[in-house]
Amino acid sequence: MDNLKLAELLFGSIDKTPEYYEELFPARGLKEGARVTRFAPSPTGFLHFGNLFSCLVAYKTAKSTDGVFYVRVEDTDQKRKVEGAIEVMLKGLSVYGIVPDEGVIGEGEEKGVYGPYYQRQRKEIYQAFAKRLVEQGLAYPCFMSAEELDEIRATQENESIKGIWGKYAKHRDLSYEEIERRINNGESWTLRLKSPGSLEGKCFFDDMIKGKIEMPENVQDVVLLKSDGIPTYHFAHAIDDHLMRTTHVTRGDEWIASTPIHLQLFRVLGFKPPKYAHIAPIMKEEDGGKRKLSKRKDPEAAVTYYAEQGYPSESVNEYMLTLANSNFEDWRRMNQNEDIEKFPFNLKKMSVSGALFDMAKLNDVSKNVICKMSAEKVFSLSYEWAKEYNAELASLYEKDTARATAILNIDRENKKPRKDIAKWSDIPEYLSYMYDETFTPCYELTGNATPALAVKVIEKYIDTVNLNDTKDEWFERIKGMCEGVGCTPNVKEYKAEPEKFEGHVGDVSTIIRVALTGRTNTPDLYEITALLGEKTVKERLEKALDYYREA
């Protein structure tokens with residue numbers, strides 16, 4: 001076979017060589033150890049949590065080494081393309097601070113000198129490398145029809161190795177004349193790799209997450225170019241990762257099975273392969289076992305879920321790092337106020353078997369994040385959320401933005417801020433008692449507080465409450481009421497001789513709290529009283545008094 005002649009027959013219009021592209025896309029001038037990673041989505045769907053998590057891993061891998069993170073769109077399968085999918089993905093990533101250094105930065109918008117970053121625009125590049133493989137006798141045209149391929153699949157149903165290899169590679173050794181005749185007859189063809197693998201051969205690679213892996217060598221003559229001249233994922237990604245100078249590929253561990261093919265392609269193309277880091281899927285507990293987080297079963301699998309529920313992006317990022325690196329939580333405890341960007345992310349600290357998604361853990365992480373925010377930031381972020389997802393809350397805010405901010409600041413900016421809010425959708429219930437429109441009275445009491453005691457406490461408090469009191473003056477007023485209603489202002493005294501008293505100062509304040517808020521547990525009661533205002537305080541006390549008198 002004259003391979004040079006065959007290459008001209010198949011790719012006569014291709015006049016650029018691999019050497020041309022090597023010179024066009026030279027090695028990046030980065031410092032030693034800097035890593036180049038990528039997010040390579042297909043425009044076939046929208047962003048889900050697995051995408052976001054993988055992107056975070058790739059992004060942190062690059063950023064922790066002063067490297068480059070880029071986006072390449074793998075759009076070779078136009079049949080499955082969804083309009084607008086890439087724009088939605090990029091916007092979704094940007095919400096969580098993942099912004100590419102280069103590549104596709106918007107729908108049809110690119111940045112960087114290693115493009116084009118859309119695979120369909122790189123057709124001639126792939127064909128130049130395909131032509132070289134034909135010249136070297138490492139690739140050949142295959143004319144098998146869909147029907148023939150189906151027959152082979154049926155034959156191989158019970159075989160351990162499937163695909164076109166060995167005796168099934170019927171067109172591997174066609175003569176030049178036969179190939180030329182078929183092409184002249186208008187027969188369509190695909191270009192296949194002439195695999196140099198053997199059944200005895202082994203493939204070894206050191207995975208950055210899972211460690212050393214040994215697998216059988218690839219023996220399949222995989223398709224490199226489809227009948228329309230567009231490459232398969234296997235072929236395109238090998239060329240793109242090389243020419244874009246990718247150093248580390250982070251991807252789901254379902255790709256481990258394909259790694260022998262990919263490493264073989266890098267070898268026959270003469271490329272140094274990137275390091276692979278195969279990420280285990282996010283798991284979820286169910287019925288005593290574990291399963292993968294499911295786009296169909298689990299609402300939290302969609303990234304839109306976090307926006308709809310009102311989780312701040314900082315919370316989601318913080319939570320993802322607890323899943324990504326086993327040492328993150330220890331680092332956070334030692335660096336409570338440090339910027340998350342300073343965390344030394346490490347691929348080797350990732351779970352081999354798959355991290356477990358835990359909604360309660362997410363909420364705890366988010367409460368810790370939100371409790372450290374200023375009231376102004378909480379108001380601003382929750383107001384933006386409310387304008388899109390909760391018109392009633394937005395309307396309440398707009399009545400008096402300064403008062404709304406002050407409400408959110410109760411028990412916030414101190415040494416031990418409260419942790420009541422995990423997400424913005426918690427806020428309507430959290431502050432409902434602060435607005436007459438959303439206040440629902442509930443007069444259930446706890447502890448030593450009884451309806452009879454409540455009547456005495458409210459009758460006394462309603463005549464003495466003074467919203468001009470300082471906090472100390474207000475508390476002294478509460479303590480001063482105790483003796484007159486049969487209680488002690490000293491909790492220790494009550495515990496020592498409970499039979500002498502109807503209750504203690506805590507029970508007195510509980511009665512007032514329940515009357516004003518309908519709850520037994522709230523932030524600082526003094527600040528709540530001040531922000532409710534005298535008119536509302538008096539009205540609620542009167543209604544509570546009427547209730548307890550009838551009880």
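This passage describes aromatic pairs, charges over rings and unusual backbone geometry in a predicted model.

The structure contains 26 aromatic pairs. In one of them, Tyr319 and Phe357 meet edge-to-face, with a distance of 5.4 Å from centre to centre and an angle of 80° between the planes. The two residues come from distant parts of the chain, 38 residues apart. Tyr319 belongs to helix α11 (residues 313–324), whereas Phe357 is found in the loop between α12 (328–334) and α13 (359–371). Tyr319 has a relative accessibility of 1% and therefore counts as buried, the limit for that class being under 20% relative accessible area. Phe357 also counts as buried, because its relative accessibility is 5%.

A second pair is formed by Tyr383 and Tyr397, whose ring centres are 6.1 Å apart. The planes of Tyr383 and Tyr397 stand at 65°, and an angle over 60 degrees counts as edge-to-face, so this pair is classed as edge-to-face. Tyr383 is located in helix α14 (residues 375–389) and Tyr397 in helix α15 (residues 391–399), so the pair ties together parts of the chain that lie 14 residues apart in sequence. Tyr383 and Tyr397 are both buried. The ring of Tyr383 also has a charged neighbour: the charged end of Lys387 sits over this ring, 4.6 Å from its centre.

Tyr319 and Phe357 are also members of a cluster linked by ring pairs. The cluster further includes Phe49, Tyr305, Tyr306 and Tyr311. Elsewhere, the ring of Phe439 has the charged end of Arg540 over it, at 3.7 Å from the ring centre.

The backbone was also examined. A cis peptide bond joins Gly115 to Pro116, with omega near 5°. Pro116 is placed in the loop between β4 (109–111) and α5 (123–135). Positive phi values occur at two aspartates, Asp66 and Asp411. For Asp66, which is not a glycine, phi is near 60°. Asp66 lies in the loop that runs between α3 (49–63) and β2 (68–71). With a relative accessible area of 52%, Asp66 is classed as exposed, because that class requires a value over 50%. Asp411, likewise a residue other than glycine, has a phi of about 55°. The position of Asp411 is in the loop between α16 (401–408) and α17 (427–430).

Notes. Residues numbered from 1 in each chain as written. Predicted model: local features only at pLDDT ≥ 70, side-chain atom pairs only at ≥ 80, totals over all residues. Heavy atoms only, no water. Phe/Tyr/Trp six-rings, centres within 6.5 Å; stacked < 30°, edge-to-face > 60°. Helix = DSSP H or I, 4+ residues; strand = E, 2+ residues; numbered from the N terminus. Buried < 20%, exposed > 50% of the residue type's maximum accessible area, 1.4 Å probe, protein only. Lys NZ or Arg CZ within 6 Å of the ring centre and 35° of its normal.
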